[in-house]
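Reader: I'd like a close look at one part of this protein rather than a tour of the whole thing. Could you pick a helix that packs on the sheet and walk me through what surrounds it?

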Amino acid sequence: MTVAPARSCLQNNCPIATEGECLEGFENGLGCPNLQMNVDASAGDSADQSLDRGDGVNEDEDDAVLSRPQTLVNIRGDAALTLPEAEELASAAPSRVILVAGEFESGKTTLAVQIYAQFLRGPFADCIFGGSRTLRAFDVFQQPSRASSGRERSTTRATREEGMRLLHLRLLRQGRVQNLFISDVRGEYFENVIDGAGADAEIPLAARADLCVLVIDGRTLSDLATRQNAMSRARLLLGGLTEPGGIQSPCRLILAVTKSDLLDEETSKWVKEQLHKLRTRGEERGVHTSTTLVAARPDDIGQAQGLEQLFDRMLPAPEPFIQPQFDAAPKDRVFWNLPKVLS
Ligand SMILES: Nc1nc2c(ncn2[C@@H]2O[C@H](COP(=O)(O)OP(=O)(O)O)[C@@H](O)[C@H]2O)c(=O)[nH]1
Ligand SMILES: [Mg+2]
């Protein structure tokens, strides 16, 4: 069952909670930076039960929190998770770590937040939302005052590991629970890799990733004056990330141009040609590489484009359905012959 969030707004005069209309004109409030998501306790409880039936995992702590009337469904802390915190959660159900790599302001955080926002409407890409340990972090990122793309410098190894933050989604797909950890790592670390620093030191998360989404900023590609340089920098980042200590096969790589709503037809064509070359480079470095264009939060506040396809690729491939074979019917079982007996 899907969690049904009640909506409220940071602006007192917004009628979203009472009439479902967003003061800023966002459809159902989705994408509005002032939207607040409160999840009704009973709805959350049902969602959790349906997940528990899926994998047999019983998270008592979640249930205890959810059983309190009218609590927010987030659970621990306001911030994204650190690696050890994610590891603790990962032991309860199959998990995938998605490293979203890219420069400052390239659209990394928006990708994760908009994926989460799709679940406010209901199931997305055949997945049912089953909760998150980082709901408040998602909410904070939706607010305009967020400092998610901060530029302050941090230099020690300890802060590198501290900086490997993960956003969490607990999903139910094909009757199975899946934890998805999507990184929210500052662009500064990736810029250091572009400038020649080792990925093993800068991005300790890289070696743990099941999938890396290398984000290239569509805004810089939309400008003739900056697009060549942006592509060269993406090539350098790809090179740095695929050095020893970086992403390792079987980790896959997706080259994703973000903000594709800003690309005109001619530029899109050029971008696709460049992506093709970059993809060849990824394959040469021994990593399965694919490409995509995505507009997670278009400027015109339209629907996200390409987000579902990208999200689908973040998930493990669906398990093939195996048709049972009954070549020789066992004769000693009564039920097997039941139709004959009845006829
Ligand atoms: N036009 C457009 N802008 C976007 C899109 N995705 C993100 N942005 C904007 O790009 C800026 C940087 O995004 P953010 O996710 O914070 O970048 P990060 O530093 O890589 O995490 C923000 O102002 C976003 O609103 C998109 O699909 N289209
Ligand atoms: Mg960010």
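Author: Let's take helix α13 and the sheet it lies across. Keep in mind that this is a predicted model.

A quick bit of setting before we zoom in. The chain has 14 helices and 9 strands, and 38% of its 343 residues are buried. Of the contacts with a separation of 6 or more, 75% link residues 24 or more positions apart.

Now the sheet. Seven strands form an open sheet with mixed pairing, in the order β4-β5-β6-β3-β7-β8-β9. Its edge strands are β4 (128-129) and β9, each pairing on one side only. At the β9 end, β7 (residues 211-216) runs parallel to β8, joined by 6 bridges, with Cys212 standing opposite Leu253 of β8. Strand β8 (residues 252-257) in turn pairs with β9 (residues 289-293), again in the parallel sense, over 5 bridges; here Ile254 has Ser290 of β9 as its bridge partner. To get from β8 to β9, the chain passes through helix α12 (residues 265-284), and this β-α-β crossover is right-handed.

Helix α13 covers residues 307-314 and lies across β3, β6, β7, β8 and β9, running at about 165° to β8. Which residues of α13 are buried? They are Leu307, Leu310, Phe311 and Met314. These four sit on the same side of α13, because they cover an arc of only 100° around the axis. What covers them includes the strands β3, β6, β7, β8 and β9, along with helix α5 (108-118).

One residue lets you see a piece of this in detail. Ile98, leaving aside its neighbours within four places in sequence, is in contact with Met314, one of those buried α13 residues. The other contacts of Ile98 on that count are Leu180, Phe181, Ile182, Ser183, Ala209, Leu211 and Val213. Ile98 is also among the residues with the most contacts inside the largest nonpolar core, together with Cys212 and Leu214. That core has 76 residues. As a general point, nonpolar side chains in soluble globular proteins tend to be buried together.

For contrast, try another helix on the sheet: α4 (residues 83-90) lies across β3 (95-101), β5 (166-173) and β6 (176-183), and runs at about 170° to β6. If you have the model open, start at Met314 and follow its contact to Ile98, then look along α13 for Leu307, Leu310 and Phe311, which are buried as well.

Conventions:
Residues are numbered from 1 along each chain as its sequence is written. Chains are lettered from A and ligands numbered from 1 in the order in which they are written. This is a predicted model: local features need pLDDT of at least 70, side-chain atom pairs count only at pLDDT 80 or more; totals for chains, interfaces and linings use all residues. Two strands pair if DSSP finds at least two bridges between them. Helices (H or I, at least four residues) and strands (E, at least two) are DSSP runs, numbered from the N terminus. A crossover is right-handed if, with the strands pointing away from the viewer, the path from the first strand over the helix to the second runs clockwise. Two residues are in contact if their C-beta atoms, placed from the backbone, lie within 7 Å. Axes are lines fitted to C-alpha atoms, for helices over the stretch in contact, and angles run from 0 to 180 degrees between N-to-C directions. A residue is buried if 20 or more other C-beta atoms lie within 10 Å of its own, exposed if 12 or fewer, and partly exposed in between; C-beta atoms are placed from the backbone. The arc is that of the directions from the helix axis to the C-beta atoms. A nonpolar core is a set of buried Ala, Val, Leu, Ile, Met, Phe, Trp, Tyr and Cys residues joined through C-beta atoms within 7 Å.
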